[in-house]
Amino acid sequence: MIEPTNQNHTIPIQQNQRIHFLDVLRGIAIQCIFMANIVYFSGLFFFSESYRDPAFVCPSDGVLGFISFLLIDGKFYSIFSLLFGIGCFVQYHKLSGQNKPFAPFFAKRMFWLMVFGLIHLIGFWLGDILTLYALLGFAIIPFINVSNKKLLMLATILILLPILNWFIISYFGINYPDVFHQKSIDSWQNYGFPQVEWDGKLWNDVEFELTNKDWSAFFKMNLGNSWIRLSMILEEGRVFKVFGIFLIGLWAGRKILNENLLQNVNLLKKIALYGLLLGLPMSGWRAYLLFLGEQNQINSFLNTLSYALGTVPTALGYAALIALLFRKKPKLLIWLAPAGKMAFTNYILHTVFGITFFYGIGFGWAGKMGFTMITLIAIAYFLLQVVFSTLYLNYFKYGPLEWLWRQLTYGKFLKIRKS
């Protein structure tokens, strides 16, 4: 749950007011986001198989990689986006009950999230999602009172817009994201870092980046990588998709607080059934195209189509299925809630761990492990985060970065230790 500010004596949401299912769902999402991101931290796709240490290669690598891509890729940052929209409405609902203005508070909160995101993106890792969330968070403010019907209609259009975006870029040849790709190339060339050609296009040499042992070079390379991130987000149309899911989150937040959605078993079953029936086959098709299909324009379009039609329905199906399971067996999942309460801190710690363990400036394990091993590492690290989060929250009200974010938003000191 996300809290209001103290502006005009606004009171933060208290711990006993939290909807524990949302913390559980956030905890699951943050783990699966890490399982997707560790593939890139580890350099799995950027080193030849001959580079890997035979001791850390398993026969299950190929099959597990396919299954993981099918079930995880894109689905859980979509759930995280859904939770962002839900949290946005929860804050609005709380402030409305206190007769306090929503827009100034939320804009201030997004400003500080953007600051955190830019530091993360430009300084450390190009896979940052905080900056995008913050920028789109500003944009969601005018939609807070839009009707449910209009929210869902607009969300559907936005989620399908990446298909049109593909035609603009690939069919009509208006490759507007390439402007930012070239900025990244120019930045690397300015510092004399190596680059490689792939599919007729110049790219920064990720293998060099991951094996580099110089901190100064690391920061310079990441400065250039931030332009690549912008290019990739625009190329895949993620701006449209994420904002569309934000709007679905607003709808879901209303349903949860005003119509008790989490107790509406029939509706949850329908969302789970239809979401997975549509989403999983489309996601399977996409996984087949990327793992076994040829790299051509037709398959590029089919990949975009299957991503648009498969990822969000699957994510919504997962969320509804987890809600049904939590309603029936809360003790089975409640242990994940502490990791969800500290999702911001744990997300940044993913980057700390990924860089420390895999990069050349750390322990240098990039490229040396197969998919099975890095998956086991991701699961083990998450379990450690759950233990850490649980122990930490026995003594403190908020995670350290959550607390700092609140401090900056409220503009005053907030007590962090529990009484």
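**Exercises on helix packing, loops and a surface patch**

In this predicted model, helix H3 (residues 75–97) packs with helix H5 (residues 130–140), the axes being 12 Å apart and meeting at an angle of about 40°.

**Exercise 1.** Classify the arrangement of H3 and H5 from the angle between them, and give the handedness of the crossing.

*Solution.* Begin with the angle of about 40° between H3 and H5. Angles under 35 degrees count as roughly parallel, and the roughly perpendicular range is 65 to 115. The angle therefore makes H3 oblique to H5. As for the handedness, H3 passes H5 in a right-handed crossing.

**Exercise 2.** Locate Asn99 and Asn260, and decide for each whether the residue is buried, partly exposed or exposed.

*Solution.* Take Asn99, which lies in the loop between H3 and helix H4 (103–123), and whose phi is near 60°, a positive value in a residue other than glycine. Because exposed means over 50% relative accessible area, Asn99, with 71%, is exposed. Turn next to Asn260, placed in the loop between helix H10 (238–259) and H11, where this residue, although not a glycine, has a positive phi of about 55°. Its relative accessibility is 45%, so Asn260 counts as partly exposed.

**Exercise 3.** Find the nonpolar surface patch that includes Phe291, and state how accessible Phe291 is.

*Solution.* Start from Phe291, which is found in helix H11 (residues 265–292). The patch is formed by Trp285, Tyr288, Leu290, Phe291 and Leu292, which together have about 480 Å² of accessible area. Finally, Phe291 has 37% relative accessibility and therefore counts as partly exposed.

How values were computed
Residues numbered from 1 in each chain as written. Predicted model: local features only at pLDDT ≥ 70, side-chain atom pairs only at ≥ 80, totals over all residues. Heavy atoms only, no water. Patch = residues over 30% accessible without salt bridge, like charges linked within 9 Å, V, L, I, M, F, W, Y side chains within 5 Å. Areas by Shrake-Rupley, 256 points an atom, 1.4 Å probe, with all protein chains shown as cover. Salt bridge = Lys/Arg side-chain N within 4 Å of Asp/Glu carboxyl O. Helix = DSSP H or I, 4+ residues; strand = E, 2+ residues; numbered from the N terminus. Buried < 20%, exposed > 50% of the residue type's maximum accessible area, 1.4 Å probe, protein only. Axes fitted to C-alpha atoms, helices over the stretch in contact; angles between N-to-C directions. Parallel < 35°, antiparallel > 145°, perpendicular 65-115°, else oblique. Left-handed = near helix turned anticlockwise from the far one by under 90°.
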